[in-house]
Amino acid sequence: MPYTNRVKVERFFKWFLETNSAYAFIQAAKPLTLGFGMHDSPIAMLAWMVDKLFLWSDSYPWTSTELITRTLLPYFPGPTTGFMMYFENNLPATMVEGSWTNEYLGVPSGFSAFPKELAIVPRSWAERIANVVFWKEHEVGGHFAMYEKPEELVGDLVKFYKSVWKG
C-alpha cells in the first residue's frame, strides 16, 4: 500500500483542514462576493487558481498555457458559477437529516486515490457508506489527477466500468 490509513487521515485533518481549507469557507459563505471580485480582476482569479494548482498537485510541472487555461475555464462563464458549488454543498448542509450523506450508496462505486489528494479516506470507511467494487491507490499524483496522471486515471475508469458494465 503506498500510504497508511494514518497518513491519509492526518493529511486531511492536519494538512488540509488546519492550513488549506479556508478558501472553501469563503466560497461557501459568500460565493457572489468572491465571484464578483474574481470576475472583476483576471489577475486575482489567476492567483487564486494557480495557488491551488501548485499546492494540490504532486510536483506536476504546470506550463503557462495550462495555468491560463485552467484559470479561464471558470472565468469565462463567471467564477460565481463554480463558487456556488461550495455554497450548495457545504458541510453543514450535508449533515442535515435526509441529506444524501445519510444514505448508503448501493450502486457500484470505484475509487482512484492519489497520495497528494486533499482527502483520502481509508477503504474501510468508504465501504461503510458505499458499495466499493473498485479501489486503486497510486504512488504519485494529486487533486488534479486528470492533468497529472491521465493514463492512470483513465485506466482506472476503464477497469471499473468493465467490472460493472453488463452489456
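## Aromatic pairs and a buried arginine

Trainee: How many aromatic pairs does the count come to?

Mentor: This is a predicted model, in which local features need pLDDT of at least 70 and side-chain atom pairs count only at pLDDT 80 or more, while totals for chains, interfaces and linings use all residues. Residues are numbered from 1 along each chain as its sequence is written, and side-chain values use heavy atoms, with hydrogens and water left out. Rings of Phe, Tyr and Trp (its six-membered ring) pair if their centres lie within 6.5 Å, with planes under 30 degrees apart called stacked, over 60 edge-to-face and the rest tilted. By this rule the aromatic pairs come to 14.

Trainee: How many residues apart in sequence are the parts that the pair of Trp 56 and Phe 144 ties together?

Mentor: The two rings are stacked, at 6.4 Å centre to centre and with 20° between the planes. Trp 56 lies in the loop between α4 and α5, and Phe 144 in the loop between β2 and α9 (helices being DSSP runs of H or I with at least four residues, strands runs of E with at least two, numbered from the N terminus). The pair therefore ties together parts whose separation in sequence is 88 residues.

Trainee: Which side chain of opposite charge is nearest to Arg 11?

Mentor: Arg 11 is buried (under 20% relative accessible area, 1.4 Å probe, protein chains only). Its side chain reaches the backbone oxygen of Lys 116 at 2.9 Å, yet Arg 11 has no salt bridge (a side-chain nitrogen of Lys or Arg within 4 Å of a carboxyl oxygen of Asp or Glu). With Lys and Arg counted as positive and Asp and Glu as negative, His and the chain ends not being counted, the nearest side chain of opposite charge, 7.0 Å away, is Glu 117.

Terms used
Buried < 20%, exposed > 50% of the residue type's maximum accessible area, 1.4 Å probe, protein only. Polar contact = N/O pair within 3.5 Å; in protein donor to acceptor, adjacent residues only side chain to side chain.
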